[in-house]
Amino acid sequence: MNPQVTEYITNAGKHQEIMEAVRQLVHESVPNVVEELKWSRPVFKAAKDFAYLKTAKAYVTLGFFQFEKLSDEHNLLEGTGKDMRHIKLKSAADIDKALLREWFKAASA
């Protein structure tokens, strides 16, 4: 665990629980994952960067690089970028562990 990422999450205030839960899921889902603080936010990578976390006032953004690797049957991913999409998590209850595990595995492959 990267100390800079730990500090970012610790300072996330009301979003700390969400961010810590997502961080744990990433580490459980992706062997040898590396986390870094890039662009002022936590970024997770395997061979390449595959996901990031970012705090906003009312939610946590969980973003994915190369989103085309993800199966999004329910159209949960938001955004219009060429390579990136995200979801907004407003509470720990918004975390669909099974879906996020699947997405982390696919995105990091």
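Let's start with helix 3, which covers residues 97-108: at 1.5 Å a residue, its 12 residues should span 16 Å, and the end C-alpha atoms are indeed 16 Å apart, so the two values agree. Keep in mind that this is a predicted model.

Which residues of helix 3 are buried? They are Leu 99, Leu 100, Trp 103, Phe 104, Ala 107 and Ser 108. Around the axis they cover an arc of only 145°, which puts them on the same side of helix 3. What do they pack against? Their partners are helix 2, strand 3, strand 4 and strand 5 (84-89).

Now for helix 1, residues 3-10. Here Val 5, Tyr 8 and Ile 9 are buried. Looking down the axis, you'd find these buried residues within an arc of 95°, so they line one face of the helix. Pro 3 and Glu 7, on the other side of helix 1, are exposed. The buried residues pack against helix 2 (16-29), strand 1 (34-38), strand 2 (41-45) and strand 3 (49-55). The N-terminal end of helix 1 has a cap, too: Asn 2 places a side-chain oxygen 2.7 Å from the backbone nitrogen of Gln 4.

Here are the two helices in brief.

| Helix | Buried residues | Arc of buried residues |
|---|---|---|
| Helix 1 (residues 3-10) | Val 5, Tyr 8, Ile 9 | within 95° |
| Helix 3 (residues 97-108) | Leu 99, Leu 100, Trp 103, Phe 104, Ala 107, Ser 108 | 145° |

Finally, a look at one strand residue. Thr 61 sits in strand 4, residues 60-65. Is Thr 61 buried or exposed? With a relative accessible area of 11%, Thr 61 counts as buried, because the cut-off for buried is under 20%. Leaving aside residues up to four places away in sequence, Thr 61 touches Tyr 52, Leu 53, Lys 54, His 86 and Ile 87.

Terms used
Residues are numbered from 1 along each chain as its sequence is written. This is a predicted model: local features need pLDDT of at least 70, side-chain atom pairs count only at pLDDT 80 or more; totals for chains, interfaces and linings use all residues. Side-chain values use heavy atoms; hydrogens and water are left out. Helices (H or I, at least four residues) and strands (E, at least two) are DSSP runs, numbered from the N terminus. Buried means under 20% relative accessible area, exposed over 50%, partly exposed in between (1.4 Å probe, protein chains only). Contact means heavy atoms within 4.5 Å. The arc is that of the directions from the helix axis to the C-beta atoms. A polar contact is a pair of N or O atoms within 3.5 Å; within protein, one must be able to donate a hydrogen and the other to accept it, and residues adjacent in sequence count only if both atoms are side-chain atoms. The expected span of a helix is 1.5 Å times one less than its number of residues.
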